[in-house]
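Visitor: I have a structure open and would like to learn how to read its features. Could you take me through a few of them?

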Amino acid sequence: MSDFTFDTSARDGMARAGTIQTPHGTMHTPTFTVVGTYGQVRFVPPEVLHQIGTQAMLCNGYHLFREASRLEAAGGLAAAFGWNGPTVTDSGGFQVMSLGSGLGKVVSMEHDDVGRRPTTNPENRLAQVTDDGVSFRNPVDGKLEVFTPEISISAQYQIGADITMAFDELTSIGDSYEYNQIALERTEKWADRSLRANRELNAEYPDRPFQAIYGVLQGAHYRDLRESTAKTFSEMDFDGYGLGGAFEKRQLGDILNWTNSILPEYKPRHLLGLSRPDDIFVGVAHGIDTFDCVAPTREARHGRLYTQTGNIDVMRARFADNPEHIDPECDCPTCQIPRIEPRDTNGFISTGLIRRLLKSHNQAERRLGYSFTSVHNVRFILRLMEQIRANLISGTFNEFRKDWLTRYLGNYQIVSGLTEKLR
Ligand SMILES: [Zn+2]
């Protein structure tokens, strides 16, 4: 008996508001799943995540791979670090295949002859894709390791997330149509193997919470590939779908439109790795229910803060000793903390104080700064999602989108589903 359900309560075109029920709690969609690579969000304790309205956390299957047994013994990912809410893991495929580029080397795939850019010397290649899976040299100890759909799914099962992802091959933006076609066929086979492995594990351990699996759709920016793979995945018994791929952002609306008009409406859809507010609006407008991205916390640590009237970079010299509020409209704990320093005379945490903390030579001060900024950026995105949901339910999504983006971006226009900023 599955403890995983998805219901929609409001619709506006392809956009929808709904609920995803998981064994560890309910997600009210559309929503943003905060990324906690190793099972926790850096500088933000679980109780603060709950306080600011976080509904789910996405963790990286690859990074947790070696911790899988320990997490299993601790009662699973939700319990292990005190989060106790819905969790999602990705398959680890993205990390494994990015190993090469992460170290300044190009990941090598098979079929270099059909349009892959030149790769490094074979002996320097860190990852090789075959029909069975991906073999790669661990960048830490240089050992040869293999990742297959079955290994990924069994690790994700041990880690114990509510939603797991099928193993897929992510192509890169320079790949040819022919290479994408080959990779997509492989991804479809891996999806089938991932689904079977997940169903077998759920059947083998009926006393454990049910773990859902999403199929991950690729196909880059090629319409026929996107449509054919959406048909293939529609016929597979996945609990939901993850949409991935390397493509130019201006194609996002079209790609989602091709894919989501074919996928079954009664299953949830997750957009992998995008969180810019204009991307979120495009995603929601084209039927996406959940999002994830490292950007809000990573940008926060670099002093790039989201505000209602556009993003600011507090590391810039003009923010030195600046007494102004980060965003007077923000309801996050950082923006609500009363004055803590005599130099900040306005009674709140100012951009000047944030800048001073982030630039401090004292590690404890820097960490406090990271905590302040991470909480702010995550809450900003979560609040936007809450407002989007409320406007979907009241039937005012399009007006809200226009008003919100006008303030955030200044002048802009929507061209074929895409938000374009005007000069
Ligand atoms: Zn704030």
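Guide: Gladly. Let us begin with one pair of residues: R137 has L144 in strand β9 as its bridge partner. Please keep in mind that this is a predicted model.

Visitor: How many bridges join β8 to β9, and how do the two strands run?

Guide: Four bridges join β8 to β9 (residues 144-147), and the two run antiparallel. Together they form a hairpin with six residues between them. In that turn, G142 has a positive phi of about 75 degrees.

Visitor: What does β8 pair with besides β9?

Guide: Strand β7 (residues 127-129) is joined to β8 by three bridges, again in an antiparallel arrangement. Here F136 in β8 is the bridge partner of A127. This hairpin has four residues between β7 and β8.

Visitor: Which residues of β8 are on its covered face, and which are on its uncovered one?

Guide: The general idea first: in a regular strand the side chains alternate between the two faces of the sheet. In β8 (residues 134-137), V134 and F136 make up the covered face, whereas S135 and R137 make up the uncovered one.

Visitor: Now the interior, please. Which residues touch the most other members of the largest nonpolar core?

Guide: In soluble globular proteins, nonpolar side chains tend to be buried together. The largest nonpolar core here has 84 residues, and A166, Y214 and I354 touch the most other members. Helix α14 (residues 363-393) gives the largest share, 11 residues. Domain 1 (5-293) and domain 2 (299-423) both contribute residues, so this core lies between them.

Visitor: What is A166 in contact with, beyond its neighbours within four places in sequence?

Guide: A166 is in contact with S91, W190, A191, S194, L195, I213, Y214, G215 and V216. Apart from this core lies another one, of nine residues, including Y62, V129, V134 and L170. You met V134 on the covered face of β8.

Visitor: And helices: how many residues of α9 are buried?

Guide: Seven of the nine residues of α9 (residues 252-260) are buried, so this helix is largely enclosed by the rest of the structure. The buried ones are L252, G253, I255, L256, W258, T259 and N260.

Visitor: To finish, what does the whole protein look like in numbers?

Guide: The protein has 15 helices and 18 strands. Of its 423 residues, 46% count as buried. Among contacts with a separation of 6 or more, 68% are between residues 24 or more positions apart.

How values were computed: Residues are numbered from 1 along each chain as its sequence is written. This is a predicted model: local features need pLDDT of at least 70, side-chain atom pairs count only at pLDDT 80 or more; totals for chains, interfaces and linings use all residues. A nonpolar core is a set of buried Ala, Val, Leu, Ile, Met, Phe, Trp, Tyr and Cys residues joined through C-beta atoms within 7 Å. A residue is buried if 20 or more other C-beta atoms lie within 10 Å of its own, exposed if 12 or fewer, and partly exposed in between; C-beta atoms are placed from the backbone. Domain bounds come from an automatic or database domain assignment. Two residues are in contact if their C-beta atoms, placed from the backbone, lie within 7 Å. Two strands pair if DSSP finds at least two bridges between them.
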